[in-house]
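Got your viewer ready? Here is a short tour, one selection at a time.

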Amino acid sequence: MLQNLHVKNLALIDEIEVEFEDGLNILTGETGAGKSIILGSVNLALGGRYSKDILRQGADYGLVELTFLVENEQQVRKLKELDIYPEEGAVLLSRRLMSGRSVSRINGETVQIGLLKEAAQILIDIHGQHEHQSLLYKKNHLGIVDAFARETVSEEKKKVREAYRDFKACEKELKETSSDENQRARELSLLKFETEEIREADLKPGEDEDLEVLYRRMANSKEIAECVNEAYLYTSEGNENASENLSRAIHAISGIAQYDDTASGLYDQLVEIDSLLNDFNRELAAYGSECEFSEEEFHETENRLNEINRLKTKYGDSIEKILEYCGQQEKRVEILEDYDRYMEELRQRMAALEEKVKKHGKSLSSLRKKQAKVLEKAIEEGLRDLNFENVQFGIQFTQTKEYTPEGIDEVEFMISLNPGQPLKPLANVASGGELSRIMLAIKSVMAKRDEIETLIFDEIDVGISGRTAQKVSEKMAVIGKGHQVICITHLAQIAAMADHHFMIEKATHNGVTRTEIRRLDEQESVTELARILGGAKITDTVLRSAVEMKELARQTRI
C-alpha cells in the first residue's frame, strides 16, 4: 500500500507529507484548494509528463516521493523480476523535477523512467478525472478484457506475438526479394564482383592491427635504430659502459662479502643487477635487429595496408565486418543463382507461419471469450450495485480483417440501460455520469483479479448525485475492505464512508499562498461533511444531517 507521500516545491505546495492508511482514504476540500495537485504529484512520481511551470515560483526543483509497503508475495515477485528489492518491506519511488529534465530513483538508485513506470504498474492503479472517457473508444476494450484474463491468456498472447513477428518478417522478406530477371542479373553480377574482390584479398582477422604496428615501426626505423644503438653503447659497449662498471663493482665488493650478512646481501644484489642488465642488453640488441627493414619490405607493408583500408571504405570499418559482409553477400548469391527454388521455399515458409498465427490467434480468441463471459457477469452485477437496476452488459467479439500482434479479435462493450432495449455500443448509450459508474464497476472487478493493493480515484463522482451517489459510496467502501483506496470527492455521501479523512485547503502566511493537507479527527470530519452539504453557511440542521450521514455510513460499513 501507499504508506507515505512527500511533495516539495510543486505549484502551491511548499512542502507536505501525508501518511495514508489501509481502507478508504478520502480527500476533500474547496474548489481550487489544490486537490488535483496532490494526486497530480503522485502521477509525476510515477513517470507522468510535466512542464516547468509546475514548479513552485522561485524554486529550482520539485520533489515527489512515494513510499510503498509491499507485503503481497506476487507484487514482491514481480518487483524482483525488475531487479527491484523491497528494503525492510518498503519500496521508495522518487522523482526530482527540474526545468527541462528529471531524475528518477527507486530505493535511492537512479533509474530510467521506463523502469519507474513498470514498477508503478505493479504497485498502484490510478483512475484520473477523465479516464472513464476511455470507455468510449472500442480500441481500449480489448485491453480491459486481457487485463482481466491476464493469468489465463498471457502465455497464448506471447505465442501470438512471436508467431505474428515471424510471419511479418517472412512477408517483408518475400516483398523485398521479389524482382524481375534483369534486375536479379545485375545484382548477381555486382555481388559476385564484391565477394571475389574480398576473397582474393585473403584477409585475416587482426591483420590490420598487426600491420599498423609494423608500419609505424618501419616508418620510424631510423630514429629507433639510433636510440637503440645509443642505449646499447651506454649499457654494453665502449669504455666506461654500465656493464663494465658493474663488473668492477662486483669484483670490489666480493672481497668483503664473507665478513658479514650486510656485505653478503649487497654483493648478491649487485650480481642480480648484473644478470638483469645482461638480459636487458640481449633484448635491446634483438629489438634493434628487428628494426632493420629493407625498402622492399616497407613498400609491401604500405601497399597491403592501403588495400585493406580501401576494402574498409567499401565494405566495413574492420576486417571482421568486411568478412561478415562477404558472408552475407555469398548467401545472397546462392539465392539468386537458384532463385525459383528459394522463392518457393519462402512461400511455403510464409504459408506455414500464417497457419501458426491463425492457430494461436484462434486459441487466444477462445480463451478470451470464456473469460469475457465471466467478466460480463461480474460487471453486470457491479453495475446493479451502482443503481443500474435493469442493466444488461455484453462483450461483443468480431474478427479483425488482418492479423495483429494481439490476435484476431476486436472487442466492443455493449450495454442496455432500460428494459426492452437491445444491447448497443457503450459509446452510443452512456452519459458522462454513467461512464463514471461503469468504470468504477470495472475497476472493482479488476481489483479482485489483480495484485495491485492501492487504487486511486480522482473525482469518481462526476455527474452523479442522490441515491446513485449513495450506491457509489457503498461500492467504494466495499473495495476499501480489500484494498487501500485513495479518493478525491465532492460528494458528502462518499466522504462520509471514509476510514481516514483528509482536508486539502489553501492558507496564506505572510502574503504567500500555500496548499496544505491534514488528517481530520471525527468531529472535524463531521464539520467538513456539513460544509459539503451546506456550503458557506453551516446551520445546526446541516450539522445534524452530517452527524446522521456519518452514523449511517458507519452502519453500512459494518
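**Stop one: Lys117**

Start by selecting Lys117, which you will find in helix 3 (residues 113-123). Keep in mind along the way that this is a predicted model. Is Lys117 buried, exposed or partly exposed? Its relative accessibility is 39%, so Lys117 counts as partly exposed, since that class lies between the 20% limit for buried and the 50% limit for exposed.

Now show what surrounds this lysine. Setting aside neighbours within four places in sequence, Lys117 is in contact with Leu46 and Gly47. Add Gly48 to the selection as well: Lys117 and Gly48 are 69 residues apart in sequence, yet their C-alpha atoms are 8.5 Å apart in space.

**Stop two: Ile124**

Next, pick Ile124 in strand 8 (residues 124-127). With a relative accessible area of 7%, Ile124 is buried, because buried means under 20%. Which residues touch Ile124, leaving aside neighbours within four places in sequence? They are Val42, Leu46, Phe68, Ile452, Thr454 and Ile456. Leu46 may look familiar, as it was also a contact of Lys117.

For a long view, draw a distance from Ile124 to Arg310: the two are 186 residues apart along the chain, and their C-alpha atoms are separated by 58 Å.

**Stop three: helix 4 against helix 13**

Select residues 141-148 for helix 4 and residues 339-385 for helix 13. At what angle do helix 4 and helix 13 pack? The angle is about 90°, with the axes 9 Å apart. That makes helix 4 roughly perpendicular to helix 13.

Show side chains here. From helix 4 come Leu142, Val145, Asp146 and Phe148, and they meet Arg368, Gln371, Val374 and Leu375 of helix 13. By type, the residues of this contact divide into 5 nonpolar, 1 polar and 2 charged.

**Stop four: helix 5**

Finish with helix 5, residues 150-177. At 1.5 Å a residue, its 28 residues should span 40 Å, and the end C-alpha atoms are 39 Å apart, which agrees. Where does helix 5 bend? Look at Glu156, where the bend is about 25°.

Glu156 is also one of the buried residues of helix 5. Color the others too: Val153, Lys157, Val160, Ala163, Tyr164, Phe167, Cys170, Glu171, Leu174 and Thr177. To see what covers these buried residues, bring in helix 4, helix 12 (319-337), helix 13, strand 9 (392-404) and strand 10 (407-416), which are among the covering elements.

Notes:
Residues are numbered from 1 along each chain as its sequence is written. This is a predicted model: local features need pLDDT of at least 70, side-chain atom pairs count only at pLDDT 80 or more; totals for chains, interfaces and linings use all residues. Side-chain values use heavy atoms; hydrogens and water are left out. Axes are lines fitted to C-alpha atoms, for helices over the stretch in contact, and angles run from 0 to 180 degrees between N-to-C directions. Helices (H or I, at least four residues) and strands (E, at least two) are DSSP runs, numbered from the N terminus. Angles under 35 degrees count as roughly parallel, over 145 as roughly antiparallel, 65 to 115 as roughly perpendicular and the rest as oblique. Contact means heavy atoms within 4.5 Å. Ala, Val, Leu, Ile, Met, Phe, Trp, Tyr, Cys and Pro count as nonpolar, Asp, Glu, Lys and Arg as charged, and the others, Gly among them, as polar. The expected span of a helix is 1.5 Å times one less than its number of residues. The bend at a residue is the angle between axes fitted to the seven residues ending there and the seven starting there. Buried means under 20% relative accessible area, exposed over 50%, partly exposed in between (1.4 Å probe, protein chains only).
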